[in-house]
Amino acid sequence: MALRNILTEGNPTLYKKSRPVVKFDDRLHLLLDDMKETLLDAEGVGLAAPQVGILRRLFLVDTGEEILECINPEIIETSGEQIGLEGCLSVPGKYGVVKRPNVVKIRAQDRNGEWFEAEGEELIARCFCHEYAHLDGQLYTEVAERMLTNEELEALCADDGE
Ligand code: NI
């Protein structure tokens, strides 16, 4: 396994639409293993393939219980609403205020091609939407109601330090 380089804002790959995964082979498994290592190393909640330069429809989400591998995901149900802070490993050092559904149900394939469904609330629901948007070439900064100011960021970092 190896750490992959995470692309940052401005890199053209992040704004392209990803293609479906068609082969559930060793190469896919290696990519998933590398992305898992990269996500854990970066201490993120989610990571989508385009963020490591691969334009394929898959992402990982750390649910707190496991690293969920979601391949060819579809959002099949959403409900409620939440407004909260969002960040992205591809937009380091920034946070924005983003409105998302509070509950999101997805359908996706696992690394062997088996379909499953998963439901997330609050942070996980937010993460499903955020990662899914990466697959269509969209960063949260495009849908954020506003980005935090430098003063607000400093206050946030001070809180984190306590
Ligand atoms: Ni992101």
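This passage walks through a predicted model, beginning with its sheet and helices and ending with its metal site and cysteines.

The sheet makes a convenient starting point. Five strands are arranged in the order β1-β2-β3-β6-β7, forming an open sheet with antiparallel pairing. At its edges stand β1 (46–48) and β7 (115–121); each has a single partner strand, so one side of each is left without a neighbour in the sheet. On average, neighbouring strands are turned by 40 degrees against each other, direction ignored. Between β6 (residues 103–109) and β7, which run antiparallel, there are 7 bridges. One bridge can be picked out by eye: Ala-108 has Phe-116 in β7 as its bridge partner.

Two helices lie across this sheet. Helix α1 (residues 26–42) lies across β1, β2 (58–62) and β3 (67–79), and runs at about 40 degrees to β2. Helix α2, in turn, lies across β1, β2, β3, β6 and β7, with an angle of about 160 degrees to β2.

Strand β4 offers a good look at a single side chain, that of Gln-82. With a relative accessible area of 14%, Gln-82 counts as buried because the limit for that class is under 20%. Its side chain reaches the backbone oxygen of Pro-101 at 3.1 Å. Leaving aside residues up to four places away in sequence, Gln-82 touches Val-98, Lys-99, Arg-100, Pro-101 and Asn-102, and also Glu-122, Ala-125 and Arg-126.

The metal site comes next. A nickel ion has three protein donors, namely the SG atom of Cys-88 and the NE2 atoms of His-130 and His-134, at 2.1 to 2.2 Å from the ion. Along the chain, these donors follow the spacing C-x41-H-x3-H. Distant parts of the chain are linked in this way: Cys-88 sits in the loop between β4 (82–86) and β5 (96–100), while His-130 belongs to helix α2 (residues 122–135), 42 residues apart. Cys-88 and His-130 are both buried.

The cysteines complete the picture. A disulfide is a covalent bond between the sulfur atoms of two cysteines, and the structure holds 0 of them. For Cys-157, the nearest cysteine sulfur is that of Cys-88, 17 Å away. A disulfide requires the two sulfur atoms to lie within 2.5 Å, and Cys-157 is in none. The surroundings of these two residues can also be set side by side: Cys-88 is buried at 11% relative accessibility, whereas Cys-157 is exposed, with a relative accessible area of 53%.

Methods
Residues numbered from 1 in each chain as written. Predicted model: local features only at pLDDT ≥ 70, side-chain atom pairs only at ≥ 80, totals over all residues. Heavy atoms only, no water. Donors = N, O, S within 2.8 Å, 3.2 Å for Na, K, Ca; no water. Helix = DSSP H or I, 4+ residues; strand = E, 2+ residues; numbered from the N terminus. Buried < 20%, exposed > 50% of the residue type's maximum accessible area, 1.4 Å probe, protein only. Pairing = 2+ DSSP bridges. Axes fitted to C-alpha atoms, helices over the stretch in contact; angles between N-to-C directions. Contact = heavy atoms within 4.5 Å. Polar contact = N/O pair within 3.5 Å; in protein donor to acceptor, adjacent residues only side chain to side chain.
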